[in-house]
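Q: Please take a close look at a single part of this model, one chain and the way its helices and strands are put together. I would like a careful, connected account that I can follow residue by residue.

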Amino acid sequence: MSAPIATTPRLAGLASWISTAARLVLGAVFLIAGGLKVIDPQSSVAAVRAYRLLPSSLANVVGWGLPFAEIALGLLLLTGIATRVVAAASAILLVIFIAAVASAAARGLSIDCGCFGGGGDVAPGQTAYGLEILRDIGLLLLAVWLVWKPRSRFTLDRFSSAQYETRELP
Amino acid sequence: MSSTKNLNARERARLAADQAAARKRDQRILLSVVAAFVVVVVAGGILFQGWRTSRSPSATPSASASASPVAITNGRPIPLGSAAAPVTITLYEDFHCPHCGQFEEQFGPTITQAQESGAARVELYPMSFIDEGSVTAANAMACAAEAGFGQAYYLGLFANQNLQWSDPQLIELASKVGGSPSETFKTCVNRRAHADWVTSINAAADTNGVQQTPTMLINGKEVDIATLTPDSLKAMITDAAQK
């Protein structure tokens, strides 16, 4: 005999598919963004420096480390390991990105966000802060959705969604 | 009957509690593993990039190092190529500017070819606004031009753009591109002999209204790099030579 201790809500069916899509999109974007930056550490540091927010030595560490953080988060999202926690970390990172781009815009800097490699100063009038922030807000929404509903299909994640899991007693 | 049922219920509750505890423990382990994974990847990445930017220059571009020594004058660019060439290509670049690296990759061969065929000469303004490496590289570029291997050194700086450009790296690059790192050159690099000139180049670029790097002018006329292709650049150089 067996009895479920919790049942799967019917809506979770649809939600889990939305979560799957959100997880894959967010993971792919992070992996690509990190991958494009990791190949050129000097550019990556230059992109960080262009924000004029960090002292020189810290800009080096962030320029070198951030692409790897993005790759790590991207891989975790794509495999679906600990989705809720990873999505929360992604959301924090995206909020920092949005704040950095907004601060560059507010200070009247003319820079490329360097989100997918490149970066640095551009000619006045060649900035795309609105689009960059909009894209990051879109990604932030995906991350927040995943924090709310981490359960999705095709994952290695067995733990982050315990409240929905149907466990059978022996 | 009823006592068996009670036992069953208690048994079930105990099992459920055990399971919940096990799940919690699993979750803790998983989170530790995930956090450790991220830390290891990021820390390893920082160390790896640190190594990549501080190693010796490796890429050696093929370039004629035959240019004769040139004089370095404050506010004046470095001339590279034959003084008799009909076309002058003016370049404003920072050796650490990512777009300059891409520009060099895409158009460098076309420009070098025009220099070698005597069709064009380059007037180089090595700007330095990105970081400390921009400054040391611009200074070393002046040292190399003074020593007579400016052209090869210029290509070498861009071919190894990933490096941070410490003094030893800049001196090693000289031997890599076929120049002779003489004592004069080493001293020139180590002492930042052309520090004033480097500053004067930034000021000159400012005066000339340069807003971004790379900026390219052909016979004094600014070229829109965004729409440029190697072929259209070649055509522009040919055109300019005929005027």
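A: A crossing of two helices is called left-handed if the near helix is turned anticlockwise from the far one by less than a right angle, and right-handed if it is turned clockwise. The model is a predicted one, in which local features need pLDDT of at least 70 and side-chain atom pairs count only at pLDDT 80 or more, whereas totals for chains, interfaces and linings use all residues. Residues are numbered from 1 along each chain as its sequence is written, while chains are lettered from A and ligands numbered from 1 in the order in which they are written.

The part chosen here is chain B, which has eight helices and five strands (DSSP runs numbered from the N terminus, with H or I over at least four residues for a helix and E over at least two for a strand). Along the sequence these elements follow the pattern α-β-β-α-β-α-α-α-α-α-β-β-α. Chain B has a radius of gyration of 29 Å, well over the 18 Å that the globule rule gives for 243 residues, so chain B is more spread out than a compact globule (the radius is taken over C-alpha atoms, and the rule is 2.2 Å times the number of residues to the power 0.38). Taken along the principal axes, the C-alpha atoms of chain B fill a box of roughly 110 × 45 × 35 Å.

The sheet comes next. The five strands of chain B form an open sheet in the order β1-β3-β2-β4-β5, with mixed pairing (two strands pair if DSSP finds at least two bridges between them). Its edges are β1(B), residues 78–80, and β5(B), residues 221–222, each of which pairs on one side only. Strands of a sheet pair through backbone hydrogen bonds, either parallel or antiparallel. At one edge, β1(B) pairs with β3(B), residues 120–127, in the antiparallel sense over three bridges, and Leu124(B) in β3(B) is the bridge partner of Ile78(B).

Further across the sheet, β2(B) is joined to β4(B), residues 215–218, by four bridges, again in the antiparallel sense, and here Ile89(B) stands opposite Ile218(B) of β4(B). From β4(B), two bridges lead to β5(B), with these strands running antiparallel, and Leu217(B) stands opposite Glu222(B) of β5(B). β4(B) and β5(B) form a hairpin with two residues between them, and Asn219(B) in the turn has a positive phi of about 45°. In the loop between α7(B), residues 195–207, and β4(B) lies Pro214(B), and the peptide bond from Thr213(B) to Pro214(B) is cis, with omega near -5°. Most residues other than glycine have a negative phi, and most peptide bonds are trans.

One helix belongs to the picture of the sheet: α3(B), residues 132–147, lies across β1(B), β2(B) (87–94) and β3(B), and runs at about 60° to β1(B) (axes are lines fitted to C-alpha atoms, for helices over the stretch in contact, and angles run from 0 to 180 degrees between N-to-C directions).

Two helix pairs deserve the same attention. In the first, α5(B), residues 167–176, packs with α6(B), residues 183–190, at an angle of about 150°, with their axes 10 Å apart. These helices are therefore roughly antiparallel to each other (under 35 degrees counts as roughly parallel, over 145 as roughly antiparallel, 65 to 115 as roughly perpendicular and the rest as oblique), and their crossing is right-handed. In this pair, Asp167(B), Leu170(B), Ile171(B) and Ala174(B) of α5(B) meet Phe185(B), Lys186(B), Val189(B) and Asn190(B) of α6(B) (contact requires C-beta atoms, placed from the backbone, within 7 Å). By class, this contact has five nonpolar, one polar and two charged residues (Ala, Val, Leu, Ile, Met, Phe, Trp, Tyr, Cys and Pro count as nonpolar, Asp, Glu, Lys and Arg as charged, and the others, Gly among them, as polar).

In the second pair, the axes of α2(B), residues 98–116, and α8(B), residues 230–242, come within 9 Å and cross at roughly 25°. α2(B) and α8(B) are therefore roughly parallel to each other, and α2(B) passes α8(B) in a right-handed crossing. On the α2(B) side the contact is made by Gln106(B), Phe107(B), Thr110(B) and Ala114(B), and on the α8(B) side by Pro230(B), Leu233(B), Lys234(B) and Ile237(B). The residues of the contact of α2(B) with α8(B) divide into five nonpolar, two polar and one charged.

Methods: Two residues are in contact if their C-beta atoms, placed from the backbone, lie within 7 Å.
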